[in-house]
Amino acid sequence: MARVDCLTTVFVEDIPEQLDDGVLYVSRQCHVALHNCACGCGEEVSTPLVPTEYDLVMEDEGASIWPSIGNHDFPCGSHYIVKRGRIHWAGKMSREQIEAGRAYDRLLKRGAQPKGLRAILAWIKRLWIKFIG
Ligand SMILES: [Zn+2]
């Protein structure tokens, strides 16, 4: 198991039992993408491809996933951005950054937002971009 710096995208119908390092498995049917944590720890990272979770865009060079992948629940705590098939290491997030990200997620998942909430959302997003890029 070694750290990888890029992910090769493979489109699958069913997610295989065993994932290879450095491969991003995308199942459009299941609305999910999976890969082994890029740090090489062997943990499986699942990114649901639904509007409130992750967005995957295929480009010539490879897949881009947004937002960043924060494996805060794994011992490695790795955090990175997948852009055009390459891993951009983002460094560990502080507890405050993780909470800001989760708060942002929660707001997004609530769906319809009154005006005031929209402003808060924009503010959190600015913070998010400032810290994470
Ligand atoms: Zn890891």
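Here are some exercises with worked solutions on the predicted model shown above.

**Exercise 1. The zinc site**

Work out which residues hold the zinc ion, and what geometry their donor atoms make.

*Solution.*
- Step 1: Find the donors. They are the SG atoms of Cys 37, Cys 39, Cys 41 and Cys 76, at 2.2 to 2.3 Å from the zinc ion.
- Step 2: Look at how the donor residues sit along the chain. Their spacing reads C-x1-C-x1-C-x34-C.
- Step 3: Check the angles. The four donor atoms subtend 104 to 113° around the zinc ion. To count as tetrahedral, four donors need all angles between 85 and 135 degrees, so this arrangement is tetrahedral.

**Exercise 2. Two of the zinc cysteines, and a serine beside them**

Decide whether Cys 37 is buried or exposed, do the same for Cys 39, and then find what Ser 78 touches.

*Solution.*
- Step 1: The cut-off for buried is under 20% relative accessible area. Cys 37 comes in at 2%, so Cys 37 is buried.
- Step 2: Cys 39 has 23% relative accessibility, so Cys 39 goes down as partly exposed.
- Step 3: Now move to Ser 78, in the loop between β6 and β7. With 8% relative accessibility, Ser 78 is buried.
- Step 4: List the contacts, skipping neighbours within four places in sequence. Ser 78 meets Cys 37 and Cys 39, along with Ile 69, Gly 70, Asn 71 and Trp 89. Cys 37 and Cys 39 are both zinc donors.

**Exercise 3. Another residue in that loop**

Find where Phe 74 lies, and which residues Phe 74 touches.

*Solution.*
- Step 1: Phe 74 is in the loop between β6 and β7.
- Step 2: Its relative accessible area is 19%, so Phe 74 counts as buried, given that the limit is under 20%.
- Step 3: Leaving out residues up to four places away in sequence, Phe 74 touches Glu 43, Glu 44 and Val 45.
- Step 4: For a distance across the model, take Val 10. Val 10 and Phe 74 are 64 residues apart along the chain, and their C-alpha atoms are 24 Å apart.

**Exercise 4. The β7–β8 loop**

Compare the exposure of Arg 84 with that of Gly 85, and say what is notable about the phi of Arg 84.

*Solution.*
- Step 1: Place both residues. Arg 84 is in the loop between β7 and β8, and so is Gly 85.
- Step 2: Read off the exposure. Arg 84 is partly exposed at 38% relative accessible area, whereas Gly 85 is buried at 4%.
- Step 3: Check the backbone. Arg 84 isn't a glycine, yet its phi is positive, at about 45°.
- Step 4: See what surrounds Gly 85. Not counting residues up to four places away in sequence, Gly 85 touches Asp 5, Cys 6, Leu 7, Gly 62 and Ala 63.
- Step 5: Try a distance here too. Val 23 is 62 residues from Gly 85 along the chain, with 9.5 Å between their C-alpha atoms.

**Exercise 5. More backbone details**

Find the phi of His 31, and say which peptide bond leading to Pro 67 is cis.

*Solution.*
- Step 1: His 31 has a positive phi of about 55°, though it is not a glycine.
- Step 2: His 31 belongs to the loop between β2 (23–27) and β3 (32–36), and is partly exposed at 47% relative accessible area.
- Step 3: The bond from Trp 66 to Pro 67 is cis, with omega near 0°. Pro 67 is part of strand β6.

**Exercise 6. The helix and the pocket**

Test whether the span of α1 agrees with its residue count, then describe the largest pocket.

*Solution.*
- Step 1: Helix α1 covers residues 95–109, which is 15 residues. At 1.5 Å a residue it should span 21 Å, and its end C-alpha atoms are 21 Å apart, so the two agree.
- Step 2: Pick out buried positions in α1. They include Gln 97, Ile 98, Gly 101, Tyr 104 and Leu 107.
- Step 3: The largest pocket has a volume of about 440 Å³. It is lined by 22 residues, and those closest to its centre are Tyr 54, Ser 68, Gly 70, His 72 and Asp 105.
- Step 4: Which elements give two or more residues to that lining? They are β4 (44–48), β6 (62–70) and α1.

Note on methods:
Residues are numbered from 1 along each chain as its sequence is written. This is a predicted model: local features need pLDDT of at least 70, side-chain atom pairs count only at pLDDT 80 or more; totals for chains, interfaces and linings use all residues. Side-chain values use heavy atoms; hydrogens and water are left out. Helices (H or I, at least four residues) and strands (E, at least two) are DSSP runs, numbered from the N terminus. The expected span of a helix is 1.5 Å times one less than its number of residues. Buried means under 20% relative accessible area, exposed over 50%, partly exposed in between (1.4 Å probe, protein chains only). Donors are N, O and S atoms within 2.8 Å of the metal (3.2 Å for Na, K and Ca); water is not among the atoms, so sites may look incomplete. Four donors count as tetrahedral if all angles lie between 85 and 135 degrees; four count as square planar and six as octahedral if opposite donors are over 155 degrees apart and all others between 65 and 115; anything else is irregular. On a 1 Å grid over the protein atoms alone, a cavity is a set of points where a 1.4 Å probe fits but cannot get out, and a pocket is an open set with protein on both sides within 12 Å along at least five of seven lines; lining residues have an atom within 4 Å of a point. Grid points are joined across faces, edges and corners, and a volume is the space filled by probe spheres set on the points. Contact means heavy atoms within 4.5 Å.
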